[in-house]
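Please go through this note with the structure open beside it. The points begin with a term used for the contact between the chains, then turn to one chain by itself.

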Amino acid sequence: MYDSGKVIIGLLIFAGIFLFPFLYNHGSPAAKPKPSLDTPAIKALPEKKCVEDTQFMITTHMQFLNNWRDQALRDGNRWYVNKEGKKVWISLQNTCLKCHSNKKEFCNKCHNYAGVDPYCWDCHYDPNGSKL
Amino acid sequence: MAARILFPLAVVLAIVAVALIGGSISFLQPLFSVALLYVAFAIFFFGFMAKVINWAKSPVPFRIPTTAGQEFSLPWIKWAKIDNPSTTGGVLMRMFFEVCLFRSLFRNMRTDLRSGWLIHSPTKWLWLLALGFHYSFLIIAIRHLRLFVHPIPGFVETLDAVDGMFQIGIPPIYLTDITILLCVTGLLIRRLCLPKVRFISLAADYFPLFLILGIVISGLLMRFVFRVDITAVKALANGIVSFHPVVPKGIGAIFFVHLALVCTLIAYFPFSKLMHMGGVFMSPTRNLANTTRMAYHENPWRKPPKFHSYEEYEDMYREYMKEAGLPLERE
């Protein structure tokens, strides 16, 4: 190999960049978060059910809440009718956070894990007082 | 000519179809995620190394830098230090401009026949699209680290925030999503629409373009239309780089399409023109100082020649020469 010193330095840099994610975790993955449903309001529910079905809420809640915001604040219509035909009052603080009163144990769990920093809390505050 | 375009397109569509089916069948999901990623990573890593080492084994017997400016000569002739470097510092500058700013594409010229005259004029489209594409791809690749490592390094979070700073839509659209889509489309249009470029374009030129376009489109669809559980995706990616692979339930088929296209790209990487990532550093037309006449360059495979002097010749044939009565220097 010609110019082996320079080539080896280059390959080491390449290997370092490529292997960074493999070395960073030291072979132990972070535990997948389980957002906690352990709040008095949820415990008191006869049937543990969100506004829409769980899988939809897990994957699409952000778009869903964005539509809620537009409907409530831009169209002035605060009633949402879900897929089952049930009417729900549109409000992050009074509807969502009524059951999910544990922002730290619920919202933040997955958001921190996936590195998501939603701007909900630029305007809203958590009425249950957990530090944001 | 059409087969050069349609064949790679068909291959990409076939990959999409296979991944769509494989990703929808739960017992095939480990094959289409964990196995595929490990194989692709291994091919990429070792293939890349092997290719570079193979290149490094080829001797460069003399200096062949492209001389894109006045070479170092007399003190009153202005020397183009970066375009025609004769020092290590100049070469480093030249490599920096080449690797980071694509200087040779910036010099791209178009040639037209205008009212009987052959006119050369500068054209910057290729440079602009290439620069936009490469930096978008780099930023997107770094952003994806948030799904592979935990805790997420600060620079990844910062980059994520800067890239999504306009907060358009939920989830916010990234600037690089828009620029990569525009630039790859532009580069594809360039190949398809410029007759001269189209003439020299091969299937190997279209294939990476279609693949990358497929990756971008599937990624955007996954983010904005067919949502998947991102924590499940992270558990998968994080598990793979930690060598504790798991395949969580409930990841949509679109994710497997995205992953299959990415794996194809990185596995194809070492065997394709994409190796210019390593090759740009290895190209003797860029990384050699123009010291052709300033320094002595010895041919690297040169062996000392075998001389056969007259004395040796005479020693060899002395007997016969004597017999034939030829004159000898030594008896």
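1. A polar contact is a pair of N or O atoms within 3.5 Å; within protein, one atom must be able to donate a hydrogen and the other to accept it. By this rule, nine residue pairs are in polar contact across the interface of chain B and chain A, with both residues at pLDDT 80 or more. Note that this is a predicted model.

2. For salt bridges across the interface of chain B and chain A, the rule finds zero.

3. On the side of chain B that touches chain A, the elements giving two or more residues are α2 (29-56), α9 (203-224), α10 (230-241) and α12 (276-282) of chain B. The largest share comes from α10(B), with nine residues. Sorted by class, this side of chain B has 28 nonpolar, ten polar and seven charged residues.

4. How many residues does each chain bring to the contact? Chain A brings 33 residues and chain B brings 45 residues. The area buried between the two chains is about 3500 Å², and carbon and sulfur atoms give 72% of that area.

5. Chain A is assigned two stretches: domain 1 covers 1-29 and domain 2 covers 31-116. Between the C-alpha centres of these domains of chain A lie 44 Å.

6. On confidence, chain A has a mean pLDDT of 86, and 96% of its residues reach 70 or more. Among the elements of chain A, helix α1 (residues 4-24) has the highest mean pLDDT, 92, and helix α2 (residues 40-43) the lowest, 83. Where pLDDT is low, the predicted coordinates should not be read in detail.

Methods:
Residues numbered from 1 in each chain as written. Chains lettered and ligands numbered in written order. Predicted model: local features only at pLDDT ≥ 70, side-chain atom pairs only at ≥ 80, totals over all residues. Heavy atoms only, no water. pLDDT = per-residue confidence, 0-100. Helix = DSSP H or I, 4+ residues; strand = E, 2+ residues; numbered from the N terminus. Contact = heavy atoms within 4.5 Å. Buried area = accessible area lost by both parts, 1.4 Å probe. Salt bridge = Lys/Arg side-chain N within 4 Å of Asp/Glu carboxyl O. Polar contact = N/O pair within 3.5 Å; in protein donor to acceptor, adjacent residues only side chain to side chain. Nonpolar A, V, L, I, M, F, W, Y, C, P; charged D, E, K, R; others polar. Domains from an automatic or database assignment.
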